[in-house]
Amino acid sequence: MFNLILVPHHDLSKKNLNEIIQVKSIAWPYSYEKQLEWIKFNLKDTDIHVLLYLDKSLVAYLNLIEIEFTVDGYLENGYGIGNVCAKEKGKGWGKKLITETNTHLTQNDKIGVLFCKDSLANFYIQQNWTVIEKQKIALAFNNEFIETMIFNYDYDFLRLVYSGKPF
């Protein structure tokens, strides 16, 4: 049975942290210390860890990073979706994780933004995310080889500007 748990970063237990690093290390094979350093450096206390358990085992993970961006000059708040990963590929855990995260975003009236490799865009499109055309986005980093996607934002716009770092 699946269980989704959302944990604010400031409430993260050592046990959860160890589980997260184990799952993240499958997708990004860095040492425990490097994973821990990344988490400490990149997450704020109010960011959220999204953990998907199957029975009592963590099988998929992502984080929700509080972000601000502008759309046609208007300030928006939302979540950057980062570090989407699963313990094993092909089990449907990533899909379940994104579906549940989408529900959370919708219920809390939050916009989601994510950056992914071009090759992963179709996965997110199937989960109701929308690709933002490259000419409509201004980022503070190179987006030549990534897609920028948005969820829970149904308005046509000319320009989305995000000046933060990738998440």
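Tutor: Contact here means heavy atoms within 4.5 Å. This is a predicted model, where local features need pLDDT of at least 70, side-chain atom pairs count only at pLDDT 80 or more, and totals for chains, interfaces and linings use all residues. Residues are numbered from 1 along each chain as its sequence is written, and side-chain values use heavy atoms, with hydrogens and water left out.

Student: OK, so what share of the contacts with a separation of 6 or more comes from residues 24 or more positions apart?

Tutor: Such residues account for 61% of those contacts in the chain.

Student: How many helices and strands are there?

Tutor: The chain has four helices and nine strands. Helices (H or I, at least four residues) and strands (E, at least two) are DSSP runs, numbered from the N terminus.

Student: And in what order do the elements run?

Tutor: From the N terminus on, the order is β-α-α-β-β-β-α-β-α-β-β-β-β.

Student: Let's pick one residue. Where is Asn83?

Tutor: Asn83 sits in strand 4, which covers residues 74–86.

Student: Buried or exposed?

Tutor: Asn83 counts as buried because its relative accessibility is 12%. Buried means under 20% relative accessible area, exposed over 50%, and partly exposed in between (1.4 Å probe, protein chains only).

Student: Which residues is Asn83 in contact with?

Tutor: Leaving aside neighbours within four places in sequence, Asn83 is in contact with Lys24, Trp28, Trp38, Tyr61, Leu62 and Asn63.

Student: Back to the whole chain. How much of it is buried?

Tutor: Buried residues make up 46% of the 167 residues.

Student: What box do the C-alpha atoms fill?

Tutor: Taken along the principal axes, the box is roughly 45 × 30 × 30 Å.
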